[in-house]
Amino acid sequence: SKGTSIKDAIKLWVRTPEPSPILQFLLLAREEKHGQKAEEATVVKLIMQQPFIVKMDASIAQLVKVEHLSLGTNQIEKISNLQGLSNLKILSLGRNYIKKIEGLDAVADTLEELWISYNLLERLNGIESCKKLKVLYASNNKIKAMDGLSALSALPAIEDVLFYGNPLEEKMSADGTWVPEMSKRFPTLKKLDGKPIIREDDGGKEGEDGA
């Protein structure tokens, strides 16, 4: 069956003044009131549409003020059509069918958080242009080798990442090498898989003393 288009999903989101309980759970943006114009919304959540959204089509362009766009739990295979979203700070694409990161150059000047867990990524190539990215949640993907994380080195602001549930993390955690290796390779990281990184040269002594 044909999937829901972004255009139709936005229409549904805008035209529902009092959502049903299900729609309220899926679509309600805390900071926004339903019934507003799409071009004025700063938070838009088009989660788990029925039928699922399968394509990020050009209709996204009307969300000119959006700062947090959530398209999680759909069947999207490709990141696209982000041109014109000049205020986007948080992009949430968890639980889709995305195999590679692409199309982020259009929002590289503003994007601070990318949530892309539960997809099909084998590597992070494609995020290098996002110099303001601080948060990357990419747990439960298909990353098997350290080379798949090398793009993190191009992100000067990155500090909080999730990679648990990837084959690489599972293997290295079992070996006891995951945290020390990630801490060494990516010195800007402050939090890994939900836990603070303690380094000897930036307060490790305090952590060891329990202070």
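In this predicted model, the buried residues of helix H4 pack against H3 and S7. Helix H4 spans residues 178-185, and its buried positions are Trp178, Glu181, Met182 and Ser183. Two of these positions, Trp178 and Met182, recur among the contacts of Phe163.

Phe163 also touches Leu124, Leu136, Ala138, Ser139, Ile143, Leu149, Leu152, Glu169, Leu192 and Asp193, leaving aside neighbours within four places in sequence. The largest nonpolar core holds 53 residues. Within this core, Leu104, Leu136, Leu149, Leu152 and Phe163 touch the most other members. Helix H1 (6-15), H3 and H4 are the elements that give two or more residues to the core. H1 gives the most, with 3 residues. In soluble globular proteins, nonpolar side chains tend to be buried together.

Glu169 lies in helix H3, which covers residues 167-175. Glu169 is buried, yet has no salt bridge. The nearest side chain of opposite charge belongs to Lys195, 9.0 Å away. A salt bridge requires nitrogen and oxygen within 4 Å. Beyond four places in sequence, the contacts of Glu169 are Phe163, Tyr164, Trp178 and Asp193. Phe163 is thus shared between the surroundings of Glu169 and the list of best-connected core residues, those that touch the most other members.

The strands form an open sheet of 8, in the order S1-S2-S3-S4-S5-S6-S7-S8, with mixed pairing. Strand S1 (43-45) and strand S8 (195-196) are the edges, and each pairs on one side only. Strand S6 (residues 160-162) runs parallel to strand S7 (residues 191-192), and the two pair over 2 bridges. Asp160 stands opposite Lys191 of S7.

A search of the whole structure finds 5 salt bridges. Side chains of opposite charge can pair when their charged atoms come close. One of the bridges joins Lys190 and Glu159, at 3.8 Å from N to O. Lys190 sits in the loop between H4 and S7, and Glu159 in the loop between strand S5 (135-137) and S6, so this pair ties together parts that are 31 residues apart in sequence. Lys190 is exposed, with a relative accessible area of 55%. Glu159 is partly exposed, at 27%.

Other bridges lie within helices. In H3, Asp175 and Lys171 are 4 residues apart, about one turn of the helix. Their closest N and O atoms are 3.4 Å apart. Asp175 is partly exposed, with a relative accessible area of 49%, and Lys171 is exposed, at 55%. In H4, Glu181 and Arg185 have a spacing of 4 residues, about one turn. Here the closest N and O atoms are 2.5 Å apart. Glu181 counts as buried because its relative accessibility is 19%, under the 20% cut-off. Arg185 counts as partly exposed, at 43%. Glu181, Lys184 and Arg185 are linked in a network of salt bridges. Glu181 therefore combines a buried position with a salt bridge, whereas Glu169 is buried without one.

Confidence varies along the chain. The average pLDDT is 86, and 83% of the residues score at least 70. Over residues 16-33 pLDDT stays under 50, and the model has 24 contacts beyond four places in sequence for this segment. Residues 204-211 also stay under 50, with 4 such contacts. Where pLDDT is low, the predicted coordinates should not be read in detail.

Conventions:
Residues are numbered from 1 along each chain as its sequence is written. This is a predicted model: local features need pLDDT of at least 70, side-chain atom pairs count only at pLDDT 80 or more; totals for chains, interfaces and linings use all residues. Side-chain values use heavy atoms; hydrogens and water are left out. Buried means under 20% relative accessible area, exposed over 50%, partly exposed in between (1.4 Å probe, protein chains only). Lys and Arg count as positive and Asp and Glu as negative; His and the chain ends are not counted. Contact means heavy atoms within 4.5 Å. Two strands pair if DSSP finds at least two bridges between them. A nonpolar core is a set of buried Ala, Val, Leu, Ile, Met, Phe, Trp, Tyr and Cys residues joined through side-chain atoms within 4.5 Å. pLDDT is the predictor's confidence in each residue, from 0 to 100.
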